[in-house]
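Here is a walk through one protein chain, from its charged pairs to its overall make-up. Keep the sequence and the 3D view side by side as you read.

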Amino acid sequence: HVSWRDAHAYTQWLSRQSGARYRLPTEAEWEYAARGGSPSYYWWGDELDSSEQAPRAHCRGCATSRLLRNKTAAVGQFPANGFGLSDTAGNVWEWTASRFTQRFDGSETQSAGLLDDSPRVVRGG
């Protein structure tokens, strides 16, 4: 139950605390990072499914029902992608800075204005 405004406020707080600049990624940046340099739909290929012995993510169709249990999984339980990022598919939704549109129209490469109350894009989950 984290709102977009909460997520944005966290990036501002983290920037002040660390002295580095943090922000939410655009939708295009999020997709690039999630795929870990792979041209496929997921960093491991185009199919969501995985074996019970080697699940890749925490979601219906990509992990065992034993793992799901209608709650989030601890971070880092599944293999990382080619960029070393874990949990880029499944588990929880992640906010982006991009305005939601029905089609890719170029806005997925841009951050919506802070005062723009348009719905934002979520990814992951």
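With which residue does Asp117 form a salt bridge? The partner is Arg5, and the closest N and O atoms are 2.7 Å apart. This is a predicted model, so that distance, like every other value here, is computed from predicted coordinates. The pair links distant parts of the chain. Asp117 sits in the loop between strand 1 and strand 2. Arg5 belongs to helix 1, residues 4–18. In sequence, 112 residues separate the two. Their surroundings can be compared with the cut-offs in mind: over 50% relative accessible area is exposed, and under 20% is buried. Asp117 counts as exposed because its relative accessibility is 63%. Arg5, at 45%, counts as partly exposed.

Side chains of opposite charge can pair when their charged atoms come close. The structure holds six salt bridges. One of them joins the side chains of Arg99 and Asp116, at 2.4 Å from N to O. This pair also links distant parts of the chain. Arg99 is in strand 1, while Asp116 is in the loop between strand 1 and strand 2, 17 residues apart. Is Asp116 buried or exposed? Asp116 is buried, with a relative accessible area of 18%. Its partner Arg99 is partly exposed, at 33%. Salt bridges that share partners also build a network, which joins Glu27, Glu31, Arg35 and Arg123.

Another salt bridge brings together the side chains of Arg23 and Glu29, with 2.8 Å from N to O. Both ends are partly exposed: Arg23 has a relative accessibility of 42%, and Glu29 has 32%.

Now turn to helix 2, which spans residues 27–35. Which of its residues are buried? They are Glu27, Trp30, Glu31 and Ala34. These four lie on the same side of helix 2, because they cover an arc of only 100 degrees around the axis. What covers them includes strand 1, residues 93–99, and strand 2, residues 120–124. Two of the buried residues, Glu27 and Glu31, reappear from the salt-bridge network. After helix 2 comes Gly36. The phi of Gly36 is positive, near 60 degrees.

Next, follow the loop between strand 1 and strand 2, already met through Asp117. Ser107 lies in this loop. Ser107 is buried, with a relative accessible area of 10%. Its side chain makes a polar contact with the side chain of Asp105, at 2.6 Å. What does Ser107 touch beyond its neighbours within four places in sequence? Ser98, Arg99 and Thr101 are in contact with Ser107. Arg99 is thus a shared point of reference, since its side chain also meets Asp116 in a salt bridge.

Further along the loop between strand 1 and strand 2 is Gly113. Gly113 is partly exposed, with a relative accessible area of 37%. Its C-alpha atom is separated from that of Ser98 by 8.9 Å. Along the chain, Gly113 and Ser98 are 15 residues apart.

The surface has a nonpolar side too. Tyr32, Phe83 and Leu85 form a nonpolar patch there. Together they have about 320 Å² of accessible area. Leu85 is found in the loop between helix 3, residues 65–68, and strand 1. Leu85 is partly exposed, at 35% relative accessible area.

Finally, step back to the whole chain. How many helices and strands does the chain have? There are three helices and two strands. Read along the sequence, they follow the pattern α-α-α-β-β. Of the 125 residues, 33% count as buried. The chain exposes about 8,400 Å². Carbon and sulfur atoms supply 52% of that area. Contacts over long sequence separations can be put in numbers as well. Among contacts between residues at least 6 apart in sequence, 49% join residues at least 24 apart. The opening pair, Asp117 and Arg5, shows such a separation in a salt bridge, with its two ends 112 residues apart.

Terms used: Residues are numbered from 1 along each chain as its sequence is written. This is a predicted model: local features need pLDDT of at least 70, side-chain atom pairs count only at pLDDT 80 or more; totals for chains, interfaces and linings use all residues. Side-chain values use heavy atoms; hydrogens and water are left out. Buried means under 20% relative accessible area, exposed over 50%, partly exposed in between (1.4 Å probe, protein chains only). The arc is that of the directions from the helix axis to the C-beta atoms. Contact means heavy atoms within 4.5 Å. Patches are made of residues with over 30% relative accessible area and no salt bridge: like charges are joined within 9 Å, nonpolar side chains (Val, Leu, Ile, Met, Phe, Trp, Tyr) within 5 Å. Accessible areas come from the Shrake-Rupley method with a 1.4 Å probe; for residues, only the protein chains shown count as cover. A salt bridge is a side-chain nitrogen of Lys or Arg within 4 Å of a carboxyl oxygen of Asp or Glu. A polar contact is a pair of N or O atoms within 3.5 Å; within protein, one must be able to donate a hydrogen and the other to accept it, and residues adjacent in sequence count only if both atoms are side-chain atoms.
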